[in-house]
Amino acid sequence: MSKEDDIRLDQKVRAAWMYYIAGLNQSEIASQLGTSRPVVQRLIAAAKEEGIVSIGLHHPVANCLDYAQLLQEKYRLLECNVVPAYGGEGTLDSVSFGCQQIMARYLRDAEAKVIGIGSGLTLKKTIHRIDFSSQNARCVALISAMNENGECNYYDDVPLLLARKIQAKYYQWPAPRYAQTTQEHAMWSGSRLYRNVSAVAENSDVIFVGIGALGTQSPIFKDGFIDQPQLAELTALGGVGEILGRFIDGDGEVLDCAINRRNTSYDIRRSDCPRIAAACGEDKRPAILAALKGGWINGLVTDEHSARWLLTR
């Protein structure tokens, strides 16, 4: 079965679960899936004809929907989308599709709104799936992709890519990710431009971020933002991951270390809006849990294995 066939089957099962299990009407389901009521009617009818629906739902996606509901209750989430896990890159593709479903619901209308956006491969794959515009929106980067020498990493185009896709205005984060000294940090954060972009970020209507693991295979290490001695220090301090370049411990607390004090990115804990993370994989599970415990996020898109792991913590 191709990935597109997987996606179509996913939609049928989700529509059937919402209709038969959650008790939503077809208009509510259309809103949740970011589609029209006639499409929902066809999805439900197809699910019945193909034997997906009998007395219950007999498909792995139904388990994902159950996990999502349980995660929402356990961690008091505003949004949660759990997707099937596939081999290789399939799980990442699946999570990016699940994130696109939520993103479409928030952005696919004519209302003026501010979208705060982080970086990372999962968000980049999500944005590649977008096929609509939101011209009254404003996209604001919440983290810089630039190092102290002005060099940008591979993912630096994520916020710009979103702005281009939906034809929105774009605000770039006006500082390197880490200042060289505390004095330089004060200089960057005290500038008029930094304060102006921070004010836009503080007015975000929705925020989408990635969550990073901490290790030699993590992008923040491979892209040169931290070196081996810093990685060793962060690990010794109990670091389990990072969110927008801030390194956190297992409880989601910011590690007391020099590099965190020099981080210039926006602290999303200051925002009351939906703060949705898209992350998957065994290596990221401790960091996802820490982000939930620390109040960094109130929305999550992840894979079924990670969801089951989170439910046992």
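This passage describes one helix, two pockets and several individual residues in a predicted model.

Helix α3 covers residues 37–49. The helix has 13 residues and reaches 19 Å from its first C-alpha to its last. That span is close to the 18 Å expected at 1.5 Å a residue. Five residues are named as buried in α3: Val40, Leu43, Ile44, Ala46 and Ala47. Viewed down the axis of α3, the buried residues fall within an arc of 160 degrees, so they line one face of the helix. An α-helix has 3.6 residues a turn, so residues three or four places apart point the same way. The partners of the buried residues of α3 are α1 (3–20) and α2 (26–33), against which they pack. On the face of α3 turned away from the buried side sit Arg42 and Glu49, and both are exposed. Just after the helix, Gly51 takes a positive phi of about 80 degrees.

Pockets were examined next. The largest pocket has a volume of about 650 Å³. Its lining consists of 32 residues, and the closest to the pocket centre are Leu121, Thr122, Ile211, Pro219 and Lys284. Elements giving two or more residues to this lining are α5 (90–107), α6 (121–128), β6 (212–213) and α10 (219–222). The largest share comes from α6, with three residues. By class, the lining of the largest pocket has 13 nonpolar, 13 polar and six charged residues.

The second largest pocket holds about 390 Å³ of space. Here 20 residues form the lining. Closest to the centre of the second largest pocket are Met18, Gln32, Leu65, Gln72 and Cys80. Two or more lining residues each come from α1, α2, α4 (60–75), β1 (79–83) and α5. Of these elements, α4 gives the most, with five residues. The lining of the second largest pocket divides into twelve nonpolar, five polar and three charged residues. Helices α1 and α2 thus appear in two settings: they pack against the buried residues of α3, and they contribute to the lining of the second largest pocket. Helix α5 gives two or more residues to the lining of the largest pocket and likewise to that of the second largest pocket.

Backbone angles single out two further residues. Most residues other than glycine have a negative phi. Arg76 has a positive phi, near 55 degrees. This arginine lies in the loop between α4 and β1. Arg76 counts as exposed, at 75% relative accessibility. Gln167 also has a positive phi, near 60 degrees. Gln167 is found in the loop between α7 (158–166) and β4. At 48% relative accessibility, Gln167 counts as partly exposed, because the cut-off for exposed is over 50%.

Three buried residues were then considered with their contacts. Tyr178 is found in the loop between β4 (169–171) and α8 (182–189). Its relative accessible area is 5%, so Tyr178 is buried. Beyond residues up to four places away in sequence, Tyr178 touches Ile220, Phe225, Gly245, Phe247, Ile259, Arg262 and Asn263. Asp205 stands 27 residues from Tyr178 in sequence, and their C-alpha atoms are 26 Å apart in space.

Asn147 lies in the loop between β3 (137–141) and α7. Asn147 counts as buried, at 16% relative accessibility. Its contacts, leaving aside neighbours within four places in sequence, are with Pro176 and Phe225. Phe225 is also among the residues that Tyr178 touches. Asn147 and Asp272 are 125 residues apart along the chain, and 29 Å separates their C-alpha atoms.

Arg246 lies in strand β8, residues 246–249. With 13% relative accessibility, Arg246 counts as buried, because the cut-off is under 20%. Outside its neighbours within four places in sequence, Arg246 is in contact with Gly241, Val254, Asn260, Asn263, Ser265, Tyr266, Asp267 and Trp296. Asn263 is also touched by Tyr178. Ser265, one of the contacts of Arg246, is 19 residues away from Arg246 in sequence and 8.1 Å away in space, C-alpha to C-alpha.

Notes:
Residues are numbered from 1 along each chain as its sequence is written. This is a predicted model: local features need pLDDT of at least 70, side-chain atom pairs count only at pLDDT 80 or more; totals for chains, interfaces and linings use all residues. Side-chain values use heavy atoms; hydrogens and water are left out. Helices (H or I, at least four residues) and strands (E, at least two) are DSSP runs, numbered from the N terminus. The expected span of a helix is 1.5 Å times one less than its number of residues. Buried means under 20% relative accessible area, exposed over 50%, partly exposed in between (1.4 Å probe, protein chains only). The arc is that of the directions from the helix axis to the C-beta atoms. Contact means heavy atoms within 4.5 Å. On a 1 Å grid over the protein atoms alone, a cavity is a set of points where a 1.4 Å probe fits but cannot get out, and a pocket is an open set with protein on both sides within 12 Å along at least five of seven lines; lining residues have an atom within 4 Å of a point. Grid points are joined across faces, edges and corners, and a volume is the space filled by probe spheres set on the points. Ala, Val, Leu, Ile, Met, Phe, Trp, Tyr, Cys and Pro count as nonpolar, Asp, Glu, Lys and Arg as charged, and the others, Gly among them, as polar.
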